[in-house]
Amino acid sequence: MGIKTVGVLGCGLMGAGIAQVCAASGYKTIVREVEDAFLKKGLGRIDKFLAGGVEKGKLTAEEKDRTLGNLSGTTRLEELAGCDLIIEAIIENVEEKATAYRVLDGVVGEHAIFCSNTSSLCITELAAKTRRPDRFAGLHFFNPVPLMKLVEVIRGLTTSDDTYQQVFAFAQSLGKEPITAPDKPGFIVNRLLVPYLLDAIRSYEHGLGTIEDIDKGMKLGTGYPMGPFTLLDFVGLDTTYYIANIMFEEYREPAYAPPPLLKRMVLAGRLGKKSGQGFYKY
Ligand code: CAA
């Protein structure tokens with residue numbers, strides 16, 4: 001059975017972006033948040049992004065309306081009953097995810113595929129929390145979701161060939177460029193990106209240069225769109241710290257160990273752009 005209706009769990013930064021690209025690609029999309037206020041905020045973010053796109057001439061007002069017409073929000077998991085694909089983008093906590101999967105397993109059709117947008121948790125472990133471990137895969141989007149072309153498709157130990165193929169084709173149908181990544185912490189991109197970001201902090205701690213100069217060096221010297229500190233603030237220092245800890249726990253290699261400054265900045269609430277201060281002030 002083909003995928004027509006998509007349910008997205010979570011309407012935060014990632015969930016809202018995912019819901020937007022699904023709706024823009026013609027899928028009936030239902031996004032679920034735990035509270036009305038969060039839902040309103042997430043849907044408002046989508047509206048604002050689409051309005052910005054119209055202003056920039058990237059899409060027409062009709063395309064914006066069509067996307068919004070494909071999109072609805074709810075606070076009830078039960079309203080996702082008719083979905084063919086669930087994409088979960090909630091808090092990075094195995095038990096919280098398992099609780100949502102448990103409810104959905106009871107209401108969503110047998111044929112439906114579950115995907116997690118987790119950036120660091122084990123796909124095989126999450127699959128084992130459902131009654132459909134063969135119809136479970138990782139589908140990892142990048143921030144900002146509507147602009148970043150890449151999606152990582154992750155096969156857990158139990159993911160069936162058919163599920164993997166359907167999820168890969170679904171990612172392509174969103175206009176994304178999927179790659180296949182292993183079920184190991186960091187998958188492909190964060191496995192390489194996170195040690196680079198951690199190394200930038202370590203180098204700064206050791207006096208390599210100012211934050212501004214290191215950023216300028218990497219941006220203008222290598223063509224990266226953002227220097228490492230700008231990117232750290234953009235991704236969130238708490239998110240980076242969390243991913244680094246999971247990677248360090250699994251690989252036990254110093255490259256993944258979060259540097260002391262990162263930990264202290266998280267403890268001080270300097271989480272980056274979202275908190276108003278990280279390596280820069282906003
Ligand atoms: N609707 C449609 N298009 C829009 C838009 C909108 N609302 N807003 C911007 N755009 C378009 C712009 O028109 C522009 O298009 P062109 O290139 O065709 O001109 C493009 O998007 C870029 O936008 P801007 O020019 O406004 O901004 P920018 O050039 O500074 O790029 C950025 C912004 C895409 C975020 C860029 O800085 C970038 O790629 N940064 C790195 C982001 C990154 O590394 N993300 C991954 C983080 S890691 C992660 O997510 C994984 C994890 O697990 C932690």
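Contact is taken here to mean heavy atoms within 4.5 Å. In this predicted model, such contacts join helix α1 to helix α2: Leu-13, Ala-16, Ala-19 and Gln-20 of α1 meet Gly-42, Arg-45, Ile-46, Phe-49 and Leu-50 of α2. By residue class, the participants in this contact comprise six nonpolar, two polar and one charged.

Two packed helices are described by the angle between their axes and the distance between the axes. For α1, spanning residues 13-24, and α2, spanning residues 36-55, the axes come within 9 Å and cross at roughly 55°. Helix α1 is therefore oblique to α2. The crossing of these helices, α1 and α2, is right-handed.

In soluble globular proteins, nonpolar side chains tend to be buried together. The largest nonpolar core of the model contains 34 residues, and Val-6, Ile-87, Leu-139, Phe-141 and Phe-170 have the most contacts inside it. Two or more residues of this core are supplied by each of the strands β1 (5-9), β4 (85-88), β5 (113-116), β6 (136-141) and β7 (150-154), and by the helices α1, α2 and α6 (161-173). Helix α1 provides the largest share, six residues.

The surroundings of Leu-139 were examined without its neighbours within four places in sequence. Under this condition, Leu-139 is in contact with Ile-87, Cys-115, Ser-116, Asn-117, Val-151, Glu-152, Val-153, Ile-154, Val-167, Phe-170 and Ala-171. Apart from the largest core lies another, of 22 residues, which includes Cys-83, Ile-86, Tyr-101 and Leu-121.

Notes. Residues are numbered from 1 along each chain as its sequence is written. This is a predicted model: local features need pLDDT of at least 70, side-chain atom pairs count only at pLDDT 80 or more; totals for chains, interfaces and linings use all residues. Side-chain values use heavy atoms; hydrogens and water are left out. Axes are lines fitted to C-alpha atoms, for helices over the stretch in contact, and angles run from 0 to 180 degrees between N-to-C directions. Helices (H or I, at least four residues) and strands (E, at least two) are DSSP runs, numbered from the N terminus. Angles under 35 degrees count as roughly parallel, over 145 as roughly antiparallel, 65 to 115 as roughly perpendicular and the rest as oblique. A crossing is left-handed if the near helix is turned anticlockwise from the far one by less than a right angle, and right-handed if clockwise. Ala, Val, Leu, Ile, Met, Phe, Trp, Tyr, Cys and Pro count as nonpolar, Asp, Glu, Lys and Arg as charged, and the others, Gly among them, as polar. A nonpolar core is a set of buried Ala, Val, Leu, Ile, Met, Phe, Trp, Tyr and Cys residues joined through side-chain atoms within 4.5 Å. Buried means under 20% relative accessible area, exposed over 50%, partly exposed in between (1.4 Å probe, protein chains only).
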